[in-house]
Amino acid sequence: MEEEKMKEEKEEDRRKNERLSKDSEDWLDGMEFKHVGGAALVDSFPLLHETDRSREVARAVAARLNAADPATLQMLPYEQTGRVSVSAMKSPRHLIDRMRCETGPQEIVPGSASEKGMAIDEMLFQNEAADCLSKAGRIVVDLGYLGISVGGNPDAEAFDCPVELKTLETLTPGMSFMPDELYSFSYQHTPFRRLGEWLMQLGMYQIATEGNGFLVLVSRDTGSVVCYESGPNLRHFPE
């Protein structure tokens, strides 16, 4: 038992000491993150709104990212267990991939978009800050209509609400999505092509917390940070 515990601790230390690749470190060193208004991007989508609280969250995220030091960042790869989690429920494809994946730490591809996204997640709480953000605990979501419960960890918490942070290639206004109708989108070639998956994940956290939520988007090309508050209606989105 003691030997097994030491092995687990050694593996945890190894994973915590994963260093950021030079490509991603250089990218972060040259990036200045800043809050920008994003209301026009979702003007015709009724479930997301820019509010005073969402703007405060966006400013806090930008400040934390600017204060972080990429050179000392310790990467913690996602531990693939094969178990169903909230993040796996974003889409049928994610669910199938999760159940079929090999167990163990997720591979980090140097300089990739996924590495940069993981780095930003780690940077969020690299330093202490007196703002509206705090670390979120594990949330268990009871999906009664499926007969299962799934767990997950939001990226942060603000105003007692779950916060999901996503990085994307650009927030160029001219590329924003235009919904045909509620829940039916024409955005396959826009920055918001995965919006349905993000809302599915956030909506399930809101089912468990019975409140609002925040979706933070960070642009990799300009460092722009926008945040939207999702109201109670999003709790019904997964259904």
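Strand 14 (213-219) and strand 15 (224-230) pair in the antiparallel sense over six bridges, where strands are DSSP runs of E with at least two residues, helices are runs of H or I with at least four, both numbered from the N terminus, and pairing requires that DSSP finds at least two bridges between the strands. I should say at once that this is a predicted model, in which local features need pLDDT of at least 70 and side-chain atom pairs count only at pLDDT 80 or more, whereas totals for chains, interfaces and linings use all residues. Residues are numbered from 1 along each chain as its sequence is written, and side-chain values use heavy atoms, with hydrogens and water left out.

Within that pairing, Val218 stands opposite Val225, and the hairpin formed by the two strands has four residues between them, with Gly223 in the turn at a positive phi of about 80°.

What else pairs with strand 15? Strand 2 (residues 34-35) does so in the parallel sense over two bridges, with Lys34 opposite Ser224, while strand 3 (residues 48-49) runs antiparallel to strand 15 and is joined to it by two bridges, His49 being the partner of Glu229.

Seven of the seven residues of strand 15 are buried, so the strand is largely enclosed by the rest of the structure; buried means under 20% relative accessible area with a 1.4 Å probe, protein chains only.

Turning to helix 6 (residues 195-209), its 15 residues reach 21 Å from first C-alpha to last, close to the 21 Å expected, that expectation being 1.5 Å times one less than the number of residues. Just after helix 6, Glu210 takes a positive phi of about 55°.

Key: Buried < 20%, exposed > 50% of the residue type's maximum accessible area, 1.4 Å probe, protein only.
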